[in-house]
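Me: I am new to this structure and would like to know the reasons behind the words used for it. Could you take me through them?

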Amino acid sequence: MNAPDAKAMGKVAVLMGGKSAEREVSLMSGAGVLKALQSKGVDAHAFDPSERDLVELKRKGFKRCFIALHGRFGEDGTVQGALELLGIPYTGSGVLASAMSIDKVMTKRAWITEGIPTPRYAVLRKDGYDAARLEKVVQDLGLPLIVKPAREGSSIGLAKVRAAGEMEAAVQAAAALDRDVLCEQFVAGDEVTCPVLGTGDGARALPVIRIVAPEGNYDYQNKYFTDDTKYLVPCGLPEGEEAAIQELVLKAYRVLGCRGWGRVDVMIDTATRKPYLLEINTSPGMTGHSLVPMSAGAAGISYEDLCLQLLAEAALDQPGDATP
């Protein structure tokens, strides 16, 4: 396959920062992407939507956007919708797939409908639960269990509840970040993640990465700001398991209508070796600790080539309306 023509990309905005809880990580991702694209000869510029109006993209002659935003107002279909209206192609999934994928509850419902395994769950509405409801959730899902906001990433607001007495505080903390709180069956076992590149039948899964975090706690700090977490690629899973997970992840990606790229997080039950899909990221991190470039590197794709490839595949949901 021929390398994409950097000059043909035109003036490119790397969208970074934003106003989500993941702003700090987005700025790190964006800085890496910007440097990589510029090293490839792309006319790329930083653009922070929390500091500049998106309409400027049109006025300043930007022809493509690389979305390095994470979380709300960047990964949830809102920015994608604005770029659709402006007619400026962008990296990653479109409006519907982005909105579906950031919502962990909607993602689960779609996956369950298609027979894709995901941990059992219950949803609590902010200010819509009482002690009896919390007790029932514990009884239904068992302990320990996971509590997290339905629409946050990077493990923000996530808690592992080990005793019934910890439930209320965990739910309150998650509810402070989202109107919907996801309570999820805890799956004990190997934690892995699998990136995907491409769209539709042309999508392919990259090598699976096995994550070994300190005391099994892969939280925000251990994801981005320490070197204590181990990332194993090759993943070292038993023969046949990696290929089976890649096939399952591809199906999950396509079910949601994702395009461009993404990353699916998976837990493998120790006792049964059955994989359970947790969530999908449609604008994954691109920092020095991030997993997509790590997996791509294991497949022989450099960080710089990965960024250029993703940019080359920038698109619109409604390409007939594009007026870049």
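Here are some questions about how parts of this predicted model are described, each with its reply.

Me: Let's start with one residue. Why is Met-167 called buried?

Reply: Buried means under 20% relative accessible area. Met-167 has 1% relative accessibility, so it counts as buried. This residue is found in helix H7.

Me: Which residues is Met-167 in contact with, leaving aside its neighbours within four places in sequence?

Reply: Its contacts are Leu-134, Val-137, Val-138, Leu-145, Val-147, Val-161 and Cys-183. For a sense of distance, the C-alpha atom of Met-167 is 34 Å from that of Leu-250, and the two residues are 83 apart along the chain.

Me: What makes helix H6 roughly perpendicular to helix H7?

Reply: The axes of H6 (residues 131-141) and H7 (residues 167-175) cross at roughly 105° and come within 10 Å. Angles of 65 to 115 degrees count as roughly perpendicular, and that makes H6 roughly perpendicular to H7.

Me: Which residues meet there, and how do they divide into nonpolar, polar and charged?

Reply: From H6 come Leu-134, Val-137 and Val-138, and they meet Met-167, Glu-168 and Val-171 of H7. The residues of this contact comprise five nonpolar, no polar and one charged. Glu counts as charged, while Leu, Val and Met count as nonpolar.

Me: How do you know that the buried residues of helix H4 line one face of the helix?

Reply: In H4 (residues 95-102), the buried residues are Ala-97, Ser-98, Ser-101 and Ile-102. Seen down the axis of H4, they fall within an arc of 115°, so they line one face. Their cover includes helix H3 (78-86), helix H5 (104-113) and strand E13 (275-281).

Me: Now the strands. What makes E2 and E3 edge strands?

Reply: The order in this open sheet of three strands is E2-E1-E3, with parallel pairing. E2 (43-47) and E3 each have a single partner strand, so one side of each is left without a neighbour in the sheet. From one strand to the next, the twist averages 30°.

Me: How do you know that E1 and E2 pair?

Reply: Two strands pair if there are at least two bridges between them. E1 and E2 run parallel and are joined by five bridges, with Lys-11 having Asp-43 in E2 as its bridge partner. Helix H3 packs on this sheet, touching E1 and E3, and its direction makes about 175° with that of E3. Helix H11 also packs on the sheet and touches E1 and E3, at about 130° to the direction of E3.

Me: What do the buried residues of H11 pack against?

Reply: They pack against strand E1 (11-15), helix H1 (23-39), strand E3 (64-67), E8, E12 and helix H10 (291-298). The buried residues of H11 (residues 303-312) are Leu-306, Cys-307, Leu-308, Gln-309, Leu-310 and Leu-311.

Me: Which strands does E8 pair with, and in what sense?

Reply: E8 (residues 189-197) runs antiparallel to E12 (residues 261-269), with nine bridges joining them; Cys-194 has Val-264 as its partner in E12. E8 also pairs in the antiparallel sense with E10 (residues 209-212), over three bridges, and there Glu-191 partners Ile-211. With E9 (residues 204-205) the antiparallel pairing has two bridges, and at least two are needed for strands to pair. Val-196 has Ala-205 as its bridge partner in E9. E8 and E9 form a hairpin with six residues between them, and Gly-198 in the turn has a positive phi of about 105°.

Notes. Residues are numbered from 1 along each chain as its sequence is written. This is a predicted model: local features need pLDDT of at least 70, side-chain atom pairs count only at pLDDT 80 or more; totals for chains, interfaces and linings use all residues. Side-chain values use heavy atoms; hydrogens and water are left out. Buried means under 20% relative accessible area, exposed over 50%, partly exposed in between (1.4 Å probe, protein chains only). Helices (H or I, at least four residues) and strands (E, at least two) are DSSP runs, numbered from the N terminus. The arc is that of the directions from the helix axis to the C-beta atoms. Contact means heavy atoms within 4.5 Å. Axes are lines fitted to C-alpha atoms, for helices over the stretch in contact, and angles run from 0 to 180 degrees between N-to-C directions. Angles under 35 degrees count as roughly parallel, over 145 as roughly antiparallel, 65 to 115 as roughly perpendicular and the rest as oblique.
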